[in-house]
Structures are given as structure tokens and as C-alpha cells.
Amino acid sequence: MSTTTTTPEPALGGAQGAVTPGPSVAGARPPRRGRRLIGIDSMGVGERILRYVLLVFVLFISIGPFLWQFSTSIKGSGEDIYTRTPSFVPAEPTFQNYVEVAQAIPVFGYIANSLVVAAIDVGGNVLFATLAGFAIARLRFRGRKVVLGLFLATLVLPGEVTIVSQFLTIRDLGLADTLLGVALPGMIAALNVLLMYNAFRQVPEEIDQAAVMDGANAWQRLVHIALPAVRGTIAVVAIFSFIGAWDDFLWPLIVLTTPDNFTLTIGLQYLSGTFGNDQRLVAAGTMIAFIPIAIVFGCLQRYFFKGLEEGGVKG
Amino acid sequence: MRATRSVTPWLFVAPALVWLLVFSLWPSLNTLRLAFTNASPLGGATEFVGLQNFETLLGDPQVWLALLNSVIYMAVCLPLLTLLPLLIATLVEKKLPGIAFFRTAFYTPVIASAVVVGLIWTWILDDRGIVNEMAQALQVVQGPLPFLTDRWLLLFSAISLTVWKGLGYYMIIYLAALGNVGRDLHEAAAIDGAGAVRRFWSVTVPGVRGTMTLIAILVCVSALRVFSELFILTNGTGGPGGQVQSLVMLIQQYARGFTGNIGYASALSLLLFAVTLVPMIALARINSKADR
């Protein structure tokens, strides 16, 4: 029995076409490897079983802790959670702990705060990283190389190195202890500009050239020609921005001081600091922070993995 | 492409460029300046103090402990996080039924906040948590192992958390690279009778060597930047006697509050930057030598 090989999905409209950037041989793109029969993929039953056994083993390691935490979060106060023979399935499942979290900390306020920060960062990155990435990849202007070099140079600079003086900048702008102060620096990330640059660079140049001949301006070329080809990478930028904003801990910890302004991660840390000896409560709190992002990711994972295969992170 | 003199390209890059200048370039230069001052988080008069912050830094035992912790962190993470994710990537590369589910599930620890996974591990490694209770039930140990209170165990607990959270992240990067490894090579090796293990070392690993260097650099740098894992597992204390801290934890402490010292925090930031450059340069050199 032999199955067909599967090269990575050929993404959207030849996005993987041009291997070399810049003015390469016009029109002559290397032929894409098609589907063909290859002996090596003919997998015996034994190998199949072995692979699934290993997959389930890794699955157990990667999501086991989340399931255990969820199990703890729905165990009632009558059930002993400190036992030599812990039961994975709660005796009497209850959502009482979730109710108690909401009474202990203003968890919905924290969720709202995190959503505000995430919305600003996702919107900013999708819009402005796309514009900048397109301009650097597709528009010719004096200083283009310098601009590209500046964005590349920031990659060797870990964010933590500048976090102190960044706080001073935010403070001087009068934004200390505000959600805008938390969101602002991450609103346009250099990495996202480079991801979009990389994606736009792979859009076949001939189509773009034809549009220029037809008198299309930069905006029209972006909206009608380039954008449809880089939707996958935009999805990746959006998802990365959302995760980054939702999960961030160090920066909001430095910027925020008033409990009402806390984002969810800071609120959680506060919860565990105050109610640390009630593991059921902490477990419910972590699940409140985790489940929304797991659902968002679960729904968008197809676009995410497809976008990554488009070549977003290969550069 | 025609060279335009129009302002349109500049309008397109302007917002991103402004952000780069305000939130990357300016803070970098400012950090360099602040490191030679006694600036305070609360504002007020700032004076230049010369090399004083750096003299304090060299004599600060906390800094040397943080550097030691970082080196250990890096030394353990580097081999584990360059190899294990590659093995997992080869496992999920084949399009078996249900593979999309496994890929997504393996990526789950990456999307969760470090705070969330830190709290989950705090419960798992608790004196009365599942690991200790099971180990005692199986009579592997007599009393609970102090995962969260012993200095070295704490460090290794944090490392295991970092490794666990990193598996999916690097798996995805390897997965993209594996798509480019020649099928023909695998085929030829298989025909020559090379087993799966042999093919892994002689075809897969050389095929993704460039990616492996990149990942090695990423692993080292992120090990040096570690913060949330240590902060959450030690509940913000830095472990017994503050011995399990990282440079970033020290920076965070000095960045805020009445006892804060922006000048000193900036000197620590420069040290952090210098330290992260070491693995970048070293690994890039090793790679370029191997190319020759």
C-alpha cells in the first residue's frame, strides 16, 4: 500500500513561487513539485501503530497538565484534592469555584482590560505592519534599504533590554498605569513588519507589473493584488499579536499599579498571591484565562498553520 | 517596479517607522544614557554618576547568581530544545489521519500565558501536588520533594517548564524547514537500507542545519531572557534568599517603586544585552565555519 506524498499545501496563488527575491528571471518560475508516488511513505501497519503510540505519548505530556488543572477546577470543596490516589474525574463536578473566583477578584473587568489591550495591538499590527511591509517589499523609494535595515536591526534587541526606559517614555507621555500605556509599544511590532515584508516579496512580480502598466496606484495594487495573496500571513500576524497581548506579563506588571486596571495575567498572579492555598480557586482562575484563547486558537488554527506554511517564518 | 518620488511609500511606512523610533531606537539610546545616571522611577532630579552603577553591578552577588542561573538554564535548554522539537516535528510531518489535531494540541502550551502554565505547574509540583503524592504512593521518595522551595530544584522546575512550553514553538519552525528537505534523499537512503534512526541523523539533521542554528540561537537568547516562569514559580520572591533570579527579574525589581533605581536597572539592561549577544555571535560563527 502506498500513499501519495504531501508537499506543503501550495498556499494561495503561487505564493511559494519565486525562490529568489528581486528581479529574477521574469516569467520562468521553477516548477512546483507535484504529488507523486514515493515508496518511502508506504507505511507498514507496525510503523503506523508506533507513530500513533508516540503521538499519544506527546499528547499526554503537552495537554495533560491543562486537563489536570481543569479537573481540579471543577472539584467541589467536599472532595479531597490532596490524596495519594488522585482521581482525574471529579466525584461531583461543580462550577462553584468559578463563581468564587468572580467574587474574589473582578475577573470580568480583567478580561475586559485584556481584550482592550489585545484589540489595540491586533488592529495596529494588522493595519500598519501590512502597510509598511507592502511599501518596503513593493514600492521603490529612496531610503528603502535603510528602513529595512532598521527593522532588521531591532531583531537582535531583546525587548527586556529597553523595558526600563520604555517605561519612562510611557510615564512621560502621561500613560503610566493606563491600558493605553500597556498596549501602545506593542501596537506595531518590527517582527510583524518583517513577516509582512517577507510575504509580499513572494507575490509574483509579473502580476504587479501588469497592474502598474494599467496605471494602478500603490493603494490599488495593495488592496486588489497583493492583499489576497498574503491573507494567511495576516492571520498569523493577527494571532501572534492577540496571543502576545493576552499572555504578556512583564510589561503590564511594570506599567500598571491600580488593581482596577490589571490585565488578566496580573490579576491571576494577584489571585494566586492572595488565595494561593486554595488550589481549586487558582485552578478556576487559570482556566478562565486559558479557555478563551484556546477557543480562539482552535477556531483559527487552520489559517494559522496554513499561514506559517506560506513562508511567513521561514525567513 | 518604478522608482517613485511620490510620498505614498513614506505614508505607508511612516506609522511603523515612528513606532520603531519611539519604542525601540529611542529607548535603546536612552538606556545607554540612563545607565550612567542615578535616575529614579518616581522622576525628580537626575545626575550623571559615571561608572558607579557598573562598579556596583560587578560587586553585586545577586547579579553573579543571576548569571550563574542563566548559564545553567541555557546549558540545559540548548540540547533539549534543539533536538526534541525536531523529533516531534518528524512525528507530525506525515499526514496521518488526525494529524492536524495533534499539531494543534502540541502547540497548546505555546499559546497559553506563562502565568497560566506557571500556576498549573505550581500545583503539579506542590508539596501535596500530583507528582509528590504519586511518588510517595509508589514509595519512590519518603517525603515530598521540595520542587518549589529548594534552590536547585526550583531552577530545574522552571527549566522543565520552559522546555515543555517551548516544544511546540520550535516544532512548528522545524516543520516548515522539513518541507524543504529533499524527499529524494530520504528515498535514496531508504533504498540503501538506512533505518529510520540512521536517516534521521544523516538526512534530516543535515537538511535542517540552518534552521537548527537559528533555533539554537533563539533557545539561548530566550533562556537568558527568562522571567515569568521564575517569577510565578517563586511567587515573585526569587526563591530562598532570592537565589533563583534571572537578570530580567532584577531589572523588573529595580524598575519600580520607592526603592527602585532606574540608573542601576539600565546598567543591568546593558549587561543583559551584552550577554544575549554572546550566543548569537558564537553560534553564527560555528555555522559559518561549518559552511566552509
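**Two chains and a helix pair: notes from group meeting**

I will start with helices α3(A) and α10(A), which are roughly antiparallel to each other, the term being applied because their angle is over 145 degrees. This is a predicted model, in which local features need pLDDT of at least 70 and side-chain atom pairs count only at pLDDT 80 or more, while totals for chains, interfaces and linings use all residues. Residues are numbered from 1 along each chain as its sequence is written, and chains are lettered from A in the order in which they are written.

To be precise about that pair, helix α3 (residues 107–138) of chain A and helix α10 (residues 231–247) of chain A have axes that come within 8 Å and cross at roughly 150°, where axes are lines fitted to C-alpha atoms over the stretch in contact and angles run from 0 to 180 degrees between N-to-C directions. Helices here are DSSP runs (H or I, at least four residues), numbered from the N terminus. Among the residues that meet are Val117(A), Asp121(A) and Val122(A) from α3(A), and Ile234(A), Phe242(A) and Trp246(A) from α10(A), contact being defined as C-beta atoms, placed from the backbone, within 7 Å. The residues of this contact divide into 11 nonpolar, 5 polar and 1 charged, with Ala, Val, Leu, Ile, Met, Phe, Trp, Tyr, Cys and Pro counted as nonpolar, Asp, Glu, Lys and Arg as charged, and the others, Gly among them, as polar.

Moving out to the domains, an automatic or database assignment gives chain A domain 1 (43–94) and domain 2 (101–312). Their centres, taken over C-alpha atoms, are separated by 32 Å, and the contact takes 8 residues from domain 1 of chain A and 7 residues from domain 2 of chain A.

Between the chains, 79 residues of chain B are in contact with 87 residues of chain A. On the chain B side, helix α1 (residues 8–34) of chain B supplies the largest share, 19 residues, and by class that side has 51 nonpolar, 19 polar and 9 charged residues.

Finally, confidence: the mean pLDDT, which is the predictor's confidence in each residue from 0 to 100, is 82 for chain A, with 85% of its residues reaching 70 or more. Over residues 1–40 of chain A, however, the pLDDT is below 50. Where pLDDT is low, the predicted coordinates should not be read in detail. For chain B the mean is 88, and 97% of its residues reach 70 or more, while the complex as a whole is given an ipTM of 0.89 and a pTM of 0.85 by the predictor.

Notes: Parallel < 35°, antiparallel > 145°, perpendicular 65-115°, else oblique. Contact = placed C-beta atoms within 7 Å.
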